[in-house]
Amino acid sequence: MNHLGAKSTEFPTSLFKSEKRSIFAQILLRIFAIGFTLTAACIIHNSKQTLIIFTVETDARYTYSPALKFFAYANMIGCAFSILSLFLVSIFGRKSLHPHKYFYLFFHDMIMMALLISGFSAATTIGYLGKYGEIHSGWMPICDSFAKFCHKIIASLIFSAFGVIFYLFLAILSANQSRKIQV
C-alpha cells in the first residue's frame with residue numbers, strides 16, 4: 001500500500017512506448033524522405049528532350065541550367081544523408097536515444113531541409129521562367145515547345161516538395177525529443 005509521502009520507483013510504461021513510437025516515426029519518415037528525394041533526383045536526371053526546328057536540333061537538359069543542377073545535387077545529397085541518418089537511427093535506436101543525440105538529428109534535419117528548400121526554390125524559379133518567360137529581359141517561354149521536359153521538371157519538383165515536408169516533420173519530431181535535455 002502506498003502512503004502519501006512514499007515515492008514510487010516504477011518507471012511509467014508510457015515513457016518507453018513513446019520512445020519506441022518516436023524511433024519508429026523517425027525511421028518511417030526517413031524512409032519516405034529517401035524515397036521522395038531519390039525519385040526527384042532520378043526524374044530530374046532523366047529530363048531531357050530534343051526537338052528539330054527548321055533542320056536544327058535543339059536540346060533541353062537539366063545540365064544546361066545551374067539552378068536545375070543545384071536542385072538535382074541537393075536531392076542527391078538529401079537522399080544520401082537520409083540513408084546515413086536512417087542507418088544511424090536504426091542502429092542507435094535499438095537502445096533508447098539520449099536527448100543529445102536527438103539534438104544532433106534535429107540539427108541534421110534542419111540542414112537537410114534548408115538544402116532541399118534552396119534547391120527547390122531555385123528550380124521553381126527556372127521552371128517559372130520556362131513556363132511564362134520574362135518578356136522585359138528577353139527570356140521567352142520554352143514549355144510550349146519542350147512540354148515533355150517541363151512536365152518532368154514539375155514532377156521532380158512535386159516529389160522534392162514532399163521530401164521537404166518529411167524533413168520538416170523530422171525536424172519537429174527531433175526538436176520535440178531534444179527538448180528533454182537537462183542542463
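This report describes the fold, salt bridges, largest pocket and surface of one protein.

**Overall architecture**

The model is predicted. The protein contains four helices and two strands, and these elements follow the pattern α-β-β-α-α-α when read along the sequence. Helix 1 covers residues 13-45. Strand 1 covers 48-53, and strand 2 covers 56-61. Helix 2 runs through residues 66-92, helix 3 through residues 99-132, and helix 4 through 147-178. Of the 183 residues in the protein, 34% are buried.

**Contacts between distant parts of the chain**

Several pairs of residues that are far apart in the sequence have C-alpha atoms only a few ångströms from each other in space; three of them are set out in the table.

| Pair | Separation along the chain | C-alpha distance |
|---|---|---|
| Phe-149 and Gln-49 | 100 residues | 5.7 Å |
| Tyr-167 and Asp-109 | 58 residues | 6.0 Å |
| Ile-44 and Ile-153 | 109 residues | 6.1 Å |

Phe-149 belongs to helix 4, while Gln-49 falls within strand 1 (48-53). Phe-149 counts as buried because its relative accessibility, 7%, is under the 20% cut-off. Tyr-167 is likewise found in helix 4, and its partner Asp-109 is in helix 3. The relative accessibility of Tyr-167 is 0%, so this residue counts as buried. Ile-44 lies in helix 1, whereas Ile-153 falls within helix 4 (147-178). Ile-44 is also buried, with a relative accessibility of 0%.

**Salt bridges**

A search of the whole structure finds two salt bridges. In one of them, Asp-109 is paired with Arg-30, and the closest N and O atoms are 3.0 Å apart. This pair links distant parts of the chain, since Asp-109 is in helix 3 and Arg-30 is in helix 1, 79 residues apart. Both Asp-109 and Arg-30 are buried. Asp-109 therefore appears in two of the contacts described here: the salt bridge with Arg-30 and the C-alpha pair with Tyr-167.

The other salt bridge joins Arg-61 to Asp-59, with the closest N and O atoms 3.5 Å apart. Both residues fall within strand 2 (56-61). Are these two residues buried, exposed or partly exposed? Arg-61 counts as partly exposed because its relative accessibility is 31%, which lies between the cut-offs of 20% and 50%. Asp-59 is partly exposed too, with a relative accessible area of 26%.

**The largest pocket**

The largest pocket holds about 570 Å³ of space. Its lining consists of 28 residues, and those nearest the centre of the pocket are Ile-126, Gly-127, Gly-130, Ile-142 and Phe-149. Strand 2, helix 3 and helix 4 each supply at least two residues of this lining. What is the chemical make-up of the lining of the largest pocket? The lining residues divide into 19 nonpolar, six polar and three charged. Phe-149 thus has a place both beside the centre of the pocket and in the C-alpha pair with Gln-49.

**Surface features**

A nonpolar patch lies on the surface of the protein. It is formed by Tyr-73, Met-76, Ile-77, Phe-81, Leu-84, Phe-87, Leu-88, Ile-91 and Phe-92, which together have about 820 Å² of accessible area. Phe-81, one of these residues, lies in helix 2. At 38% relative accessibility, Phe-81 counts as partly exposed, because this value is between 20% and 50%.

**An unusual backbone angle**

Thr-55 has a phi near 60 degrees, a positive value in a residue other than glycine. Where is Thr-55 placed? Thr-55 sits in the loop between strand 1 and strand 2. The relative accessibility of Thr-55 is 76%, which is over the 50% cut-off, so Thr-55 counts as exposed.

Notes:
Residues numbered from 1 in each chain as written. Predicted model: local features only at pLDDT ≥ 70, side-chain atom pairs only at ≥ 80, totals over all residues. Heavy atoms only, no water. Salt bridge = Lys/Arg side-chain N within 4 Å of Asp/Glu carboxyl O. Buried < 20%, exposed > 50% of the residue type's maximum accessible area, 1.4 Å probe, protein only. 1 Å grid on protein atoms, 1.4 Å probe; cavity = no way out; pocket = protein on both sides within 12 Å on 5 of 7 lines; lining within 4 Å. Points joined across faces, edges and corners; volume = space filled by probe spheres on them. Nonpolar A, V, L, I, M, F, W, Y, C, P; charged D, E, K, R; others polar. Patch = residues over 30% accessible without salt bridge, like charges linked within 9 Å, V, L, I, M, F, W, Y side chains within 5 Å. Areas by Shrake-Rupley, 256 points an atom, 1.4 Å probe, with all protein chains shown as cover.
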